[in-house]
Amino acid sequence: MAMSADPPMYDVAVVGAGPAGLSAAVGAAEAGLDVALIDAGRLPGGQYWRHDDEHPPHPGHRDGRLFARLRARLHHQRRLGLHYLPGHQVWLIDRPRPDAGPFTVRLNGPYETAPVERDRVRARALVLCCGAHDRQLPLPGWDVPGVMAAGGVQALLKGHRTAAGRRAVVAGTGPFLLPVATGLAQAGVRVLAVCEANPAHGWLRHLGGAARVPAKSAEALRYAALMARHRIPYRTRAAVTEILGEDRVRGVRLDGGEVLEADLVALGWGFTPALELPLMVGADTRCDLDGSLVAVVDARQRTTVPDVLAAGETTGVGGAALAVAEGRLAALTLAAAHGLPVDPRAARRLRTTIRHGRAFAAALHRTYPVPAGWTGRLTERTVVCRCEEVTYGELCRARAELGAEDPRTMKLLARPGMGWCQGRICGFAVAAVTASLTGRPATAEDVRQLSARPFAAPVTLGELAGMADGDEEPGADADDEP
């Protein structure tokens with residue numbers, strides 16, 4: 001791919017076109033800023049509003065009307081100059097100095113057959129809305145065909161109108177299991193059970209946080225009605241301990257010994273934010289209540305790096321409405337920094353919405369934690385890192401025989417996280433297993449060690465060579481030279 005001779009400059013580059021990114025981009029453009037919206041997907045909406053070309057989210061879909069309004073505003077702002085770059089993924093962000101000067105955002109395409117319009121853009125500020133992916137916990141048999149992440153099952157349904165099986169078990173923890181199960185049932189799949197690992201009464205201990213977002217209660221009632229209509233059993237304190245089958249899934253065994261015969265198992269244990277870009281630019285991170293690493297932001301969505309803001313699941317998983325509010329607040333923060341008029345009452349209302357949304361998210365994380373002691377269910381042959389086929393037994397030997405006491409050393413000695421996904425799938429599990437083997441809880445530093453990557457996406461040697469040939473100092477701006 002040839003380097004662009006003269007990459008355009010924008011006031012702000014927004015990365016991600018999910019709920020937070022759409023809100024940030026259209027808000028910043030409406031305020032008068034010059035905006036580039038970059039997204040790896042072909043269509044706006046992110047994973048939450050994933051859809052195919054012919055079937056956008058229906059207004060009756062969760063927050064479907066909200067998406068319709070954001071999409072209409074996006075199309076309007078594109079006519080006025082907002083530069084939307086679908087099918088472009090960010091693989092590197094650099095800057096001439098850590099705290100000054102514009103950013104160079106380097107792009108390539110996730111789709112081999114679709115050339116990218118730009119391989120670089122430059123921006124004076126960034127809003128990182130990178131979303132999240134399914135958190136997966138290994139268990140015996142989870143690597144056989146027919147076992148999928150709950151988000152992957154839903155992506156097939158939304159993006160391709162395809163059901164991955166005929167008899168399904170949906171298992172793990174958290175409310176995301178409900179839309180996956182009901183979506184499968186509506187597609188004609190027989191859902192044998194939703195197996196929730198945690199007890200049902202957990203919300204009773206956190207009613208204060210749950211009450212902050214009453215719309216979520218109505219949403220829960222809608223799913224309860226759908227579950228009843230399709231006769232889907234909802235079983236609590238029901239953890240899947242083993243996937244049965246050799247060449248494909250034959251069923252699951254629950255912790256009480258019961259077996260459910262199925263050809264599809266959808267596993268979901270919450271979500272893990274994608275933090276490659278925040279870590280790449282040097283933003284501080286912390287562990288959220290659910291154990292995930294998230295970017296640290298202030299009350300205006302600013303990270304600890306000057307001119308870098310973050311919104312949505314990058315700052316913690318909390319749902320689409322919260323992500324939209326954070327994106328909008330990030331846009332107002334940027335507008336104010338450029339001296340543009342901002343309604344202080346709007347900013348205060350957004351901060352209140354965000355505060356309530358975060359309280360609800362905290363209640364959610366406390367109600368549906370990753371089950372304690374899950375590493376005790378692993379056997380010596382259980383694969384933990386599927387890319388490199390690293391087993392739990394190999395991790396145990398790396399700890400006992402080679403002295404691996406932290407995830408980075410474990411990665412060097414046993415190779416978990418060195419495969420195609422670069423630890424995106426196994427990173428949380430490897431950090432938890434390493435901490436468990438050393439007799440301590442996992443820390444933010446444990447998770448951080450497997451989250452930072454030199455490149456955020458696969459890159460060719462030609463692109464690296466083009467970066468070296470294209471400018472003497474990557475990201476340098478002639479106007480910034482002394």
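# Questions and answers on this structure

User: Does F176 count as buried or exposed?
Analyst: The relative accessible area of F176 is 19%. Buried means under 20%, exposed means over 50%, and partly exposed is in between (1.4 Å probe, protein chains only). So F176 lands in the class called buried.

User: What kind of model are we looking at?
Analyst: Residues are numbered from 1 along each chain as its sequence is written, and side-chain values use heavy atoms, with hydrogens and water left out. Local features need pLDDT of at least 70, side-chain atom pairs count only at pLDDT 80 or more, and totals for chains, interfaces and linings use all residues; the model is predicted.

User: How many helices and strands does the protein have?
Analyst: Helices (H or I, at least four residues) and strands (E, at least two) are DSSP runs, numbered from the N terminus. Going by that, the secondary structure comes to 14 helices and 21 strands.

User: What share of the residues in the protein is buried?
Analyst: There are 482 residues in the protein. The surface that it exposes is about 21400 Å², with carbon and sulfur atoms supplying 52% of that (Shrake-Rupley method, 1.4 Å probe, only the protein chains shown counting as cover for residues). As for the residues, the buried share is 54%.

User: Which elements do the buried residues of helix 3 pack against?
Analyst: Helix 3 runs over residues 150-160, and eight of its eleven residues are buried. You'll find A150, G151, V153, Q154, A155, L157, K158 and G159 in that buried set. Packing is about contact, meaning heavy atoms within 4.5 Å. The partners of these buried residues are strand 7 (132-134), strand 8 (147-149), helix 4 (177-186) and strand 15 (264-268).

User: Which residue just after helix 3 takes a positive phi?
Analyst: Look right past the end of helix 3. There, a positive phi of about 55 degrees is taken by R161.

User: How many aromatic pairs does the structure hold?
Analyst: Rings of Phe, Tyr and Trp (its six-membered ring) pair if their centres lie within 6.5 Å; planes under 30 degrees apart count as stacked, over 60 as edge-to-face and the rest as tilted. With that rule, the number of aromatic pairs is four.

User: W91 and F455 form an aromatic pair, so what type is it, by the angle between the planes?
Analyst: The ring centres of W91 and F455 are 5.5 Å apart, with 65 degrees between the planes. This pair links distant parts of the chain, 364 residues apart: W91 is in strand 4 (residues 89-94) and F455 is in the loop between helix 13 (444-449) and helix 14 (461-470). W91 is buried because its relative accessibility is 3%, while F455, at 30%, is partly exposed. The type of the W91 and F455 pair is edge-to-face.

User: How far apart are the ring centres of F176 and F271?
Analyst: The planes of the two rings sit at 65 degrees, so this pair is edge-to-face. F176 is in the loop between strand 9 (167-172) and helix 4, and F271 is in strand 16 (residues 271-273), 95 residues along the chain. The distance between the ring centres is 5.0 Å.

User: Which residue has its charged end over the ring of F428?
Analyst: A charge sits over a ring if NZ of Lys or CZ of Arg is within 6 Å of the ring centre and within 35 degrees of the ring normal. R386 does this over the face of W142, at 4.1 Å from the ring centre. Over the ring of F428, 4.7 Å from its centre, sits the charged end of R135.

User: How many disulfides does the structure hold?
Analyst: A disulfide is a covalent bond between the sulfur atoms of two cysteines. Here it is a pair of cysteine sulfur atoms within 2.5 Å. The number of disulfides is zero.

User: Which cysteine sulfur is nearest to C129?
Analyst: C129 is in no disulfide, and the nearest cysteine sulfur is 7.2 Å away. C129 is buried because its relative accessible area is 7%. That nearest sulfur belongs to C130.

User: Which backbone oxygen does the side chain of R453 reach at 2.6 Å?
Analyst: R453 is found in the loop between helix 13 and helix 14, and it is buried because its relative accessible area is 11%. A polar contact is a pair of N or O atoms within 3.5 Å; within protein, one must be able to donate a hydrogen and the other to accept it, and residues adjacent in sequence count only if both atoms are side-chain atoms. The side chain of R453 reaches the backbone oxygen of S451 at 2.9 Å. At 2.6 Å, it reaches the backbone oxygen of Q422.
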